[in-house]
Structures are given as structure tokens and as C-alpha cells.
Amino acid sequence: MKKYCLFLFFALFVFLCCSCGRQPNPPSQALPSAQPSSSTPSAGETLDPTSVTETSTPSAEHLHTFGEWKVVKEATCVSEGQKERSCACGLTERETVPAVGHTTVADPGTTPTCTEEGLTAGSHCALCGKILEDQHALPPLGHDYQNGVCVRCGAEQPPSTGLVFSGDSMDSCKLIGIGNCFDSTVVIPDEYEGKPVRAIGADAFAKATRVRSVIIPDSVHVIERDAFSGCGSLESVLIPEGVVWIYAEAFRDCTALKTVKIPDSVTILGAGAFWGCSSLTEAVIGKRVTKLPKQLFTYCRSLESVTLPEGLTEIGSSAFMNCEALKDLTLPESLRSIADNAFASCKSLAALTIPDGVTTIGAFAISNCTSLSQVLLPSGITKLEGVVLNSCSFEFISVPEGVRTIEESAISSCPSLKTVILPRSLEKIDPTVFSDCEALATVLFRGTEDEWQKIEGVAENEQLAGAQIIFSYKVPDYPIRL
Ligand SMILES: [Zn+2]
Ligand SMILES: [Zn+2]
Ligand SMILES: [Zn+2]
């Protein structure tokens, strides 16, 4: 019986040591737990968590067999975790698990609008939710009004307050003054106390130097005399469809005004309406204007481009006088008369074709146009009045067939003029015609020598006396290059 018990004990020892994968210690050595070594961890001890366990034990022959690693503390984004595994002998081995770091997710920004805040772009961690980059609020942009409408969102600019109105009649009213409105862009409301605003009264904005732009509502029919005269800062004004009359000098001396468009609803433009608008570069005249009033653009020294409507019949006196930047201008076929000084001192004007329907050209109409090298006179004219063409730079001029009379100094002081075509219809020429045209050398006369002799004033004309006269000239006026 004692022998049998010793055998069982030995068999159990072999079984235990085989299960942990180590060579069984010789029976002469004790179990690690029974005889711990000072340098070898014993069962139930733990190892330095950062190091791997020794796999052999000098003093103990037990070879540890560890199970799977088990995470005992999860690593987070910023802190280490821990894992451990154990041997059947009770030894536990521990290791740290490095921190995983944040997982960055972008938080897109939003653009602010005219009225709502936006956000800057930012980011957060998908794992722990920590904000990695803060998002900051961006203030609303505010509206950017141009011509009464926000260019970003289309919102209409609210009407200005503080303007002064008067009861124009029972059912309409008139803006009569700027009052205590301090807006640089003035938006005129379309009604006041329930009555539509129909007119901008005389001098309403006169010399309102802080006003840079004005939005006129389409309820307005009339812009009265001097309504905006002397608004030296006024750069833009939107004249709406609906305005019918613009009175005299309504925009006189608006020296900052850059462009103007007269809508097709306008039928009457007053004299000097844009006189002295020295920054005005472009003007478009609406289709219903039939008469350009006198002094309409006088001293608009920057005016380069003017669009005139077909249907225009008259250009008033001095309408373009001293428009020194005007290079070319197309006159409509409907035109019938050009008044005195109409194009006087248009010093950049290079060419001018006067439509054939024009029958009247006033004194000094084309004078001091020092760049004007080509003029085509209309075939419908019968008389060249006094001093029509004066101080211009053309070398050649053809007086159209049909002209019977050329009056005093009608063509004079043109120092470049070398050649003239005169019509067979000519009956009378003033002795002062061609005065101070020192270069005049050739006259191409469409009639015979006999007809030439019968023209009143020819014999007394000094310049003609010095020129070569060629009779029976047949070549058409244009194109011609001499
Ligand atoms: Zn073990
Ligand atoms: Zn995180
Ligand atoms: Zn807006």
C-alpha cells in the first residue's frame, strides 16, 4: 500500500509539470512555491510590467507557459493601457499598451451670410470627443448694397429716413429736402404717409455734398429744376423707368457723377441737365427723347461716349460744347437740325458725319474741334450759315450739291484745309468764306467756268483768288483722298 501511494504522488508531479510546458524538476528539487529563489519570481508574483518575463529560471527548472494576453486596462487616446498573461503556476506577466493617439475628424467651417454668423473650420477626436481645434464664430457680413440691392443676397436696401416730403396733391407727394438724412446712399421711399412719391422737388438735394448715390423709386415721374445740382460727391444715380421729365439743370455740376442712363420713359430733358458734370464718361439717352436741350452736356470734359436714340431730331445749342474727351459720335438718321455751338471745342472729336436729313447747322456748331480731320456735310442742306466750320483740322471739305449760299466766314480759320469741292448749285459765297485758311490751294468746282463766273462773291474772295480752280469736277464726294 505504501509503494502504491508513492507511485501516485510521482505520477501527479509529472502531470503538473508537463501541463506548464517545462521539464519536470527532478524529484529531489522542491516545487517553486516550496523553495523560492531570491532572483526568480515565484508563483503568485508579478513581473515588472514593462518587461518581458524571463523564460528560464536559473534556480527553478519550471518553465512558464503563458496563456493569451488579456487587456486589463484599455489604452486611451492619451494614456497607456495594460495587458497581462499568466502561467498556470500563478506567475503573471504584465505589459503596457501604448496610448493610441487621437483620431482627428475635421469639423468643416461655415461661411457667414449677410445676416447670419459663420464658423471657422475645426476638428475633434472621433474616439474621445476632445475638441482638437476650436471653431470660432465669424460675424455676419452685413449687406453690400449697390443700386439699392444687396449684391450678395439680393435683399432690397431699406428706404432712408429723415427725408422731407410735402403733400404735392391729394393723392401724391414730393420729396422737397434731405432733412436730417445722413445716408451716403439715399434710398428714396416710393410712398410717404400712404401717398406715392411722384416728384423730387427743385433743389431737394442741392449741394448735399455727402450724398454719394441716390436710388430713385419708379413711383417718381418728375425730377425738378436743380434737384441734384451741386451734389459734388454724387457718383451714381439710378433714374428709373417711370420718370418722364427731367427739368433744367437737374444734375448740373454733379462733378463726381460717372455715368448716366436716361430711361426710355423720359420724354423731356431740361436745358443744362448735366452741365458741368466733369467726371461723366458715358451717357445713354432714352428712346423717347426727340430733342437734346441746349447745354445738355456743356463742360462735361470727361464725356467719351454718348448714345443717341434714333428718333432724335434736334441737337440744341452748346449741347456738347467743351466735351473735350468725346472722340466719335454717331448721329441718328432722324436728325434735322444742329444748333449753334453744338460741338464747339470738342477737341478730341476726330470725325463727324452729319446725316443727310439735317437742314440747319448753326453758327460755330463745328468750331475749335482741333482734332477733327474729317467732316461729311449733309446732302439735304441748302445754306451754310455763318461760321459753321471754324478752327478745325481737316484738309478737305466737300460742300454738298444743293447748297446755294455760303455765308460769312462759314468755313474759316482752318489752317490745314487744302482742297474744297464746291457744288454746281452755288449762287452766292461771302468774301470772308475761307478766311484764314492759308493752305487752301485747290477748288474742285462741279459746274463750268461760265457758271463759276456767275457766282456772287467769287471775285471778291481772297482765298479763292489764290487757289487753282478745276471746273466740271465729276468725281463723287466720298470716298475721296487727295
Ligand atoms: Zn509557470
Ligand atoms: Zn481622442
Ligand atoms: Zn445681403
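## Exercises on a predicted chain

Over residues 1-41 pLDDT (the predictor's confidence in each residue, from 0 to 100) stays under 50, and the model has 44 contacts for them beyond four places in sequence; a contact here means C-beta atoms, placed from the backbone, within 7 Å. This is a predicted model, in which local features need pLDDT of at least 70 and side-chain atom pairs count only at pLDDT 80 or more, while totals for chains, interfaces and linings use all residues. Residues are numbered from 1 along each chain as its sequence is written, with chains lettered from A and ligands numbered from 1 in the order in which they are written.

**Exercise 1.** Work out how far to trust the model along the chain.

*Solution.* Start with the average: the chain comes out at a pLDDT of 88, and 86% of the residues score at least 70. Next, look at residues 48-58, where pLDDT stays under 50 and the model has 17 contacts beyond four places in sequence. Where pLDDT is low, the predicted coordinates should not be read in detail.

**Exercise 2.** Describe the sheet that holds β1, β2 and β3.

*Solution.* Strands are DSSP runs of E, at least two residues long, numbered from the N terminus. Three of them make an open sheet, ordered β1-β2-β3, with antiparallel pairing. The edges are β1 (70-73) and β3 (92-97), each pairing on one side only. From one strand to the next, the twist averages 35 degrees (axes are lines fitted to C-alpha atoms, and angles run from 0 to 180 degrees between N-to-C directions). Now zoom in: β2 (residues 81-86) pairs with β3 over six bridges, where pairing takes at least two DSSP bridges. One bridge to find is S86 with T92 of β3.

**Exercise 3.** Find E407 and say why it counts as partly exposed.

*Solution.* First, go to the loop between β34 (405-406) and β35 (411-412), where E407 sits. Then count: E407 is partly exposed because it has 17 C-beta neighbours inside 10 Å (20 or more is buried, 12 or fewer exposed, in between partly exposed, with C-beta atoms placed from the backbone). Leaving out residues up to four places away, E407 touches K383, L384, E385, G386 and D430. For D430, 23 residues apart from E407 along the chain, the C-alpha separation is 5.3 Å.

**Exercise 4.** Pick out the hubs of the largest nonpolar core.

*Solution.* Such a core joins buried Ala, Val, Leu, Ile, Met, Phe, Trp, Tyr and Cys residues through C-beta atoms within 7 Å. This one has 104 residues, and F274, F343 and I366 touch the most other members. Beyond four places in sequence, F343 touches F320, L349, L352, A365, I366 and C369.

Technical notes
Contact = placed C-beta atoms within 7 Å. Helix = DSSP H or I, 4+ residues; strand = E, 2+ residues; numbered from the N terminus.
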